[in-house]
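Me: I would like to learn to read a fold feature by feature. Can you walk me through one?

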Amino acid sequence: MMGPMGLVLLVVTFVSCQSANEPTPVLELRMAELVNVEREARGLARLAFSPTLAEIGRAYSAKMAGARSVHHDFDRPVEERILAALPDTCTFGENLSKHTTIDYSLGDLMVSPGHRANLLSERFTFIGIGIARGTDGFLYITQEFARPCDPPPKGSKRRKNLPQ
């Protein structure tokens, strides 16, 4: 007879195996949903998923995976990367992670004060997550956070894939 601990370990093992085999776009959307579960549990608004932010994160994760290293500013600062694609962004942030599963990654980010602050910040309204698999077997994860300027500047060219 398996007790509650055995069941939890079985679920964790199942989730871990899934991350190794699932396509990264599926993992990106799942991780965004997990972030929103954490936010809703604390009475915070959900973050809308931004495909543009995901593209930015995916490109950055690929650079980290290629270098087998996790740090900000490989080529240019986060604000430059986000503003190049979304010029009407007034607030932005970024979390980086290298882990074997999205669940373990989110768990570690939630216990780190700075990363947790980004995940639970009311300053952001959008999230995009980019994941790349490294040849070392790790998932390289970039979480991009943003909030468009309110109201948009006159003549704005705000991207259509960001809900208003």
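Reply: We go from confidence to fold, then sheet, helices, cores and single residues.

Me: What pLDDT does the chain average?

Reply: This is a predicted model. The chain averages a pLDDT of 85, and 81% of the residues score at least 70. Residues 1-18 are below 50. Beyond near neighbours in sequence, that stretch has six contacts in the model.

Me: Next, the overall layout. How many helices and strands does the chain have?

Reply: There are six helices and four strands. In sequence order the pattern reads α-α-β-α-α-β-α-α-β-β. Of the 164 residues, 41% are buried. Now look at contacts between residues at least 6 apart in sequence: 68% of them join residues at least 24 apart.

Me: How do I read the sheet? What is the strand order?

Reply: The general idea is that strands of a sheet pair through backbone hydrogen bonds, either parallel or antiparallel. Here the sheet is open, has four strands and follows the order 1-3-4-2, with mixed pairing. Its edges are strand 1 (48-49) and strand 2 (89-99), each pairing on one side only.

Me: Take the pairs in turn. Which sense does each have, parallel or antiparallel?

Reply: Strand 1 and strand 3 are parallel, over two bridges. Alanine 48 stands opposite phenylalanine 126 of strand 3. Strand 3 and strand 4 run antiparallel, joined by eight bridges. There, isoleucine 131 stands opposite isoleucine 141 in strand 4. Strand 2 and strand 4 are antiparallel too, over 10 bridges. Threonine 91 has arginine 147 of strand 4 as its bridge partner.

Me: What should I note in the hairpin of strand 3 and strand 4?

Reply: Five residues lie between the two strands. Glycine 137 in this hairpin takes a positive phi near 90°.

Me: Is strand 3 largely enclosed or open?

Reply: Count its buried residues. Seven of the eight residues of strand 3 are buried, so the rest of the structure largely encloses this strand.

Me: Now the helices. Which strands does helix 3 lie across?

Reply: Helix 3 (residues 51-67) lies across strand 1, strand 2, strand 3 and strand 4. Its angle to strand 3 is about 30°. Helix 4 (residues 78-85) lies across strand 2 and strand 4, at about 120° to strand 2.

Me: How do I check the length of helix 3, and what span should its 17 residues have?

Reply: Use 1.5 Å a residue. The 17 residues should then span 24 Å, and the end C-alpha atoms of helix 3 are 24 Å apart, which agrees.

Me: Which residues of helix 3 are buried, and what covers them?

Reply: They are Thr52, Leu53, Ala54, Ile56, Gly57, Tyr60, Ser61, Met64 and Ala65. The cover includes strand 1, helix 4, strand 2, strand 3 and strand 4.

Me: What follows helix 3?

Reply: Start with the backbone rule. Most residues other than glycine have a negative phi. Arginine 68, which follows helix 3, has a positive phi near 55°. This residue lies in the loop between helix 3 and helix 4. Arginine 68 is partly exposed, with a relative accessible area of 47%.

Me: How do I read the cores? Which residues have the most contacts inside the largest one?

Reply: In soluble globular proteins, nonpolar side chains tend to be buried together. The largest nonpolar core here has 19 residues. Those with the most contacts inside it are Met31, Ile102, Leu119, Ile127, Ile129, Ile131 and Ile141. Helix 2 (24-41), helix 5 (102-111), strand 3 (126-133) and strand 4 (139-148) each supply at least two of the core residues. A second, separate core of eight residues includes Ile56, Ala85, Phe126 and Ala146.

Me: Pick one core residue. What is isoleucine 127 in contact with?

Reply: Set aside neighbours within four places in sequence. Isoleucine 127 then contacts Ala32, Val35, Leu47, Ala48, Phe49, Ser50, Leu53, Glu144 and Phe145.

Me: And a polar residue: is asparagine 118 buried or exposed?

Reply: Apply the cut-off: buried means under 20% relative accessible area. Asparagine 118 has 13%, so it counts as buried. The residue sits in helix 6 (residues 113-119). Not counting residues up to four places away in sequence, asparagine 118 touches Glu94, Asn95, Arg123, Phe124 and Phe145. Its C-alpha atom is 9.4 Å from that of glutamate 144, 26 residues apart along the chain.

Definitions and conventions. Residues are numbered from 1 along each chain as its sequence is written. This is a predicted model: local features need pLDDT of at least 70, side-chain atom pairs count only at pLDDT 80 or more; totals for chains, interfaces and linings use all residues. Side-chain values use heavy atoms; hydrogens and water are left out. A nonpolar core is a set of buried Ala, Val, Leu, Ile, Met, Phe, Trp, Tyr and Cys residues joined through side-chain atoms within 4.5 Å. Buried means under 20% relative accessible area, exposed over 50%, partly exposed in between (1.4 Å probe, protein chains only). Contact means heavy atoms within 4.5 Å. Two strands pair if DSSP finds at least two bridges between them. Axes are lines fitted to C-alpha atoms, for helices over the stretch in contact, and angles run from 0 to 180 degrees between N-to-C directions. The expected span of a helix is 1.5 Å times one less than its number of residues. pLDDT is the predictor's confidence in each residue, from 0 to 100.
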